[in-house]
Every structure is written in structure tokens, then in C-alpha cells.
Amino acid sequence: MTVEFISDNGEKKTYGALTTMSRWSENEWLRIHKELVKRDHPELFETIKDNDIAISAVGYGIDLEERYEALLEELPQSSYSKAGTHPKWVSEAVEENTLNKGITQDDVKEILNSDMTSDEKLADIKEYLEIK
């Protein structure tokens, strides 16, 4: 989900969990956090709207939760791509399912440079990469 706010230079901006721009001023972050709190907790917003520290704390929490959930949705490990999944489990799943590019390249080069036939090399590479 995104929120719109007015930047320091008066431009209308959009911010969301997958927004790559993060060099907002302190005032812009406060405006973003106000919009997040207003959107997600309107009753709470009415109670704390004049307390910038409270707005920032609650807004930061909302932003962090949304970023984490957006990250989970981007992961290929579907069983772990759900809100509420413990970060340790996500980290372990990613590690188990991610090849180290340098190590993989070295291993494949070693197979390619071996004295095996082309068919044997292909079979070894398929086995190494667990391709059926």
C-alpha cells in the first residue's frame, strides 16, 4: 500500500514499502508517518496527531511491517512468503535455496574443463544443479 504526501519542495509524492527512494528529510518522514498512521489507525491518529514523536514511532512500525511483508511477497519460497513468518525461517529458506555464484561458476568450470565426454559433462552439470 502507498500513501501520498507533500515533499519539502511542495511536490506531491507517493511512498510505499517498495519505494526505492529513501533520502527523505526529517519533515518528509514525519509527513509519511502521519499518512501511514492516519490510514491504518485513524482513531489513534486523532489521539496522537500533535505528538510528532508518537506519530514517528507508530509510523515507523507500520512502515517496517509493510516493508517486511513486501519482502516476503517477493521471495520465491512460497511456504515462507506469508505475513507473520519468523525472519529466521525466511533467512534459512533463502540460504538453503540460493547458490553462491562464485562457487557455482568454479564448480561448473571444473566440470567443463574435465576429460569427460560432452554427455558426461552435461549429466554432471544437471546433477550438480539438481536438474531433472
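**Exercise 1. Place alanine 123 in the model.**

Alanine 123 is found in helix 6 (residues 118-128). Work out whether alanine 123 is buried, partly exposed or exposed.

*Solution.* Before starting, note that this is a predicted model, in which local features need pLDDT of at least 70, side-chain atom pairs count only at pLDDT 80 or more, and totals for chains, interfaces and linings use all residues. Residues are numbered from 1 along each chain as its sequence is written, and side-chain values use heavy atoms, with hydrogens and water left out.

- Step 1: Helices are DSSP runs (H or I, at least four residues), as strands are (E, at least two), numbered from the N terminus.
- Step 2: Buried means under 20% relative accessible area, exposed over 50%, and partly exposed in between (1.4 Å probe, protein chains only).
- Step 3: Alanine 123 has 44% relative accessibility, so it counts as partly exposed.
- Step 4: For a sense of distance, the C-alpha atoms of alanine 123 and asparagine 51 are separated by 65 Å, with these positions 72 residues apart along the chain.

**Exercise 2. Describe helix 1 and its surroundings.**

Find which residues of helix 1 are buried, and what covers them.

*Solution.*

- Step 1: Helix 1 (residues 26-40) has 15 residues and reaches 21 Å from its first C-alpha to its last, close to the expected 21 Å at 1.5 Å a residue. That expected span is 1.5 Å times one less than the number of residues.
- Step 2: Its buried residues are Glu28, Leu30, Ile32, His33, Leu36 and Val37.
- Step 3: Their cover includes strand 1 (2-6), strand 2 (12-16), helix 2 (42-48) and helix 3 (52-74).
- Step 4: Now take valine 37. Not counting residues up to four places away in sequence, valine 37 touches Pro42, Phe45, Ile48, Ile55, Val58, Gly59 and Ile62, where contact means heavy atoms within 4.5 Å.

**Exercise 3. Explore a buried charge.**

What is the nearest side chain of opposite charge to glutamate 28?

*Solution.*

- Step 1: Glutamate 28 lies in helix 1.
- Step 2: Lys and Arg count as positive and Asp and Glu as negative, while His and the chain ends are not counted. The nearest opposite charge is arginine 31, 4.9 Å away, and glutamate 28 is buried yet has no salt bridge. A salt bridge needs a side-chain nitrogen of Lys or Arg within 4 Å of a carboxyl oxygen of Asp or Glu.
- Step 3: A polar atom of the glutamate 28 side chain does lie 2.8 Å from the backbone nitrogen of serine 25.
- Step 4: Leaving aside neighbours within four places in sequence, glutamate 28 is in contact with Phe5, Ser7, Asp8 and Arg23.

**Exercise 4. Follow the salt bridges.**

Which residue forms a salt bridge with arginine 31, and how many salt bridges does the whole structure hold?

*Solution.*

- Step 1: The partner is aspartate 8, with the closest N and O atoms 2.9 Å apart.
- Step 2: This pair links distant parts of the chain, since aspartate 8 sits in the loop between strand 1 and strand 2 and arginine 31 in helix 1, 23 residues apart.
- Step 3: Aspartate 8 counts as partly exposed at 45% relative accessibility, and arginine 31 counts as partly exposed at 29%.
- Step 4: A search of the whole structure finds nine salt bridges. Among them, lysine 12 and glutamate 4 meet at 3.3 Å, N to O.

Methods: Polar contact = N/O pair within 3.5 Å; in protein donor to acceptor, adjacent residues only side chain to side chain.
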